[in-house]
Amino acid sequence: MSTTDIGKDVPTTPGGVRVERVVTSGTFELDGGSWEVDNNVWLVGDDRQVLVVDAAHDASAILEAVAGREVVAVVCTHGHNDHVNAVAELCAATGATSYLHPDDRVLWDMSQDQPPGAELSDGQTFTVGDVGLITLHTPGHAPGACCLHAPALGVVFSGDTLFDGGPGATGRSHSDFPTIIESIRTRLFELPPETVVLTGHGDPTVVGDETPHLQEWIERGS
């Protein structure tokens, strides 16, 4: 289902770049378990081109939201199957290149037959219209987990690194709680406090709303 109801006030830039959300449903599978999940697929673009963050579950729903625009990139925040299982079909349909941090190939290869199109790196910038999106390597939930910061929009796409209420899960293989805490503390909590956090699942939050709770999370543990 495609929706522009993001749940937070995210502006449209003077050049017409806006954020859209597609919510898709499927399964997350890891360590022999399977869970039903709803994923946020984020589109950043104007009327001509768009960047897709996390192609999850349903390529047809994402293509409907793309609506014929040029897809400049499909950026994977990490390699868990529920965030990448529509990448191949979406890229085949649009000619777009997918990007994944190389530290997450171990997760990607668990569910994908073909390699990602290109490597994602810390500090790498993507441009859509008048918006630049800066890659932040934020390991912890997964070794190659990354976020995308779009200063012109006042948002960060956090994947499964930060949610409304705390860090992403670290109880499964290839994840680590102290690492995700350090990523949040040194990368995401260094962003302006008014930055809207657009998450991989569920509702958005704001950096300044989450920052005061860091010590609580540390004491709570993974």
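## Exercises on a predicted model

Leaving out neighbours within four places in sequence, valine 84 is in contact (heavy atoms within 4.5 Å) with Ala55, Cys76, His78, Gly79, Trp108, Ser111 and Gln112. The model is predicted: local features need pLDDT of at least 70, side-chain atom pairs count only at pLDDT 80 or more, and totals for chains, interfaces and linings use all residues. Residues are numbered from 1 along each chain as its sequence is written, and side-chain values use heavy atoms, with hydrogens and water left out.

### Exercise 1. Place valine 84

Find the element that holds valine 84 and decide whether the residue is buried or exposed.

Step 1. Valine 84 belongs to helix α2 (residues 81–84). Helices (H or I, at least four residues) and strands (E, at least two) are DSSP runs, numbered from the N terminus.

Step 2. Buried means under 20% relative accessible area, exposed over 50%, partly exposed in between (1.4 Å probe, protein chains only). Valine 84 has 0% relative accessibility, so it counts as buried.

Step 3. Take glutamate 70, 14 residues apart from valine 84 along the chain: the two C-alpha atoms are separated by 20 Å.

### Exercise 2. Test the cysteines

How many disulfides does the rule give?

Step 1. A disulfide is a covalent bond between the sulfur atoms of two cysteines. The cut-off is a pair of cysteine sulfur atoms within 2.5 Å.

Step 2. The count is zero disulfides.

Step 3. For cysteine 76, the closest cysteine sulfur is in cysteine 91, at 7.6 Å, too far for a bond. Cysteine 91 is in no disulfide.

Step 4. Check burial. Cysteine 76 is buried, with a relative accessible area of 0%. Cysteine 91 is buried too, at 13%.

### Exercise 3. Classify the aromatic pairs

Count the aromatic pairs, then classify two of them.

Step 1. Rings of Phe, Tyr and Trp (its six-membered ring) pair if their centres lie within 6.5 Å; planes under 30 degrees apart count as stacked, over 60 as edge-to-face and the rest as tilted. The structure holds four such pairs.

Step 2. Tryptophan 42 and phenylalanine 157 are 6.1 Å apart, centre to centre, with 55° between the planes: tilted. Tryptophan 42 is in strand β3 (residues 33–45) and phenylalanine 157 in strand β11 (residues 155–159), so the pair ties together parts 115 residues apart in sequence. Both residues are buried.

Step 3. Tyrosine 99 and phenylalanine 126 are 4.9 Å apart, centre to centre, with 80° between the planes: edge-to-face. Tyrosine 99 lies in strand β6 (residues 98–100) and phenylalanine 126 in strand β8 (residues 125–128), so this pair ties together parts 27 residues apart in sequence. Tyrosine 99 is buried at 16% relative accessibility; phenylalanine 126 is buried at 7%.

### Exercise 4. Trace the sheet

Which strands are the edges of the open six-stranded sheet, and what stands opposite phenylalanine 157?

Step 1. Two strands pair if DSSP finds at least two bridges between them. The order is β8-β9-β10-β11-β14-β15, with mixed pairing.

Step 2. β8 and β15 (205–206) are the edge strands; each pairs on one side only.

Step 3. β11 pairs with strand β14 (residues 196–199) in the parallel sense, over four bridges. Opposite phenylalanine 157 stands leucine 198 in β14.

### Exercise 5. Describe histidine 137

Locate histidine 137 and give its burial.

Step 1. Histidine 137 lies in strand β9 (residues 131–137).

Step 2. Its relative accessibility is 18%, so histidine 137 counts as buried.
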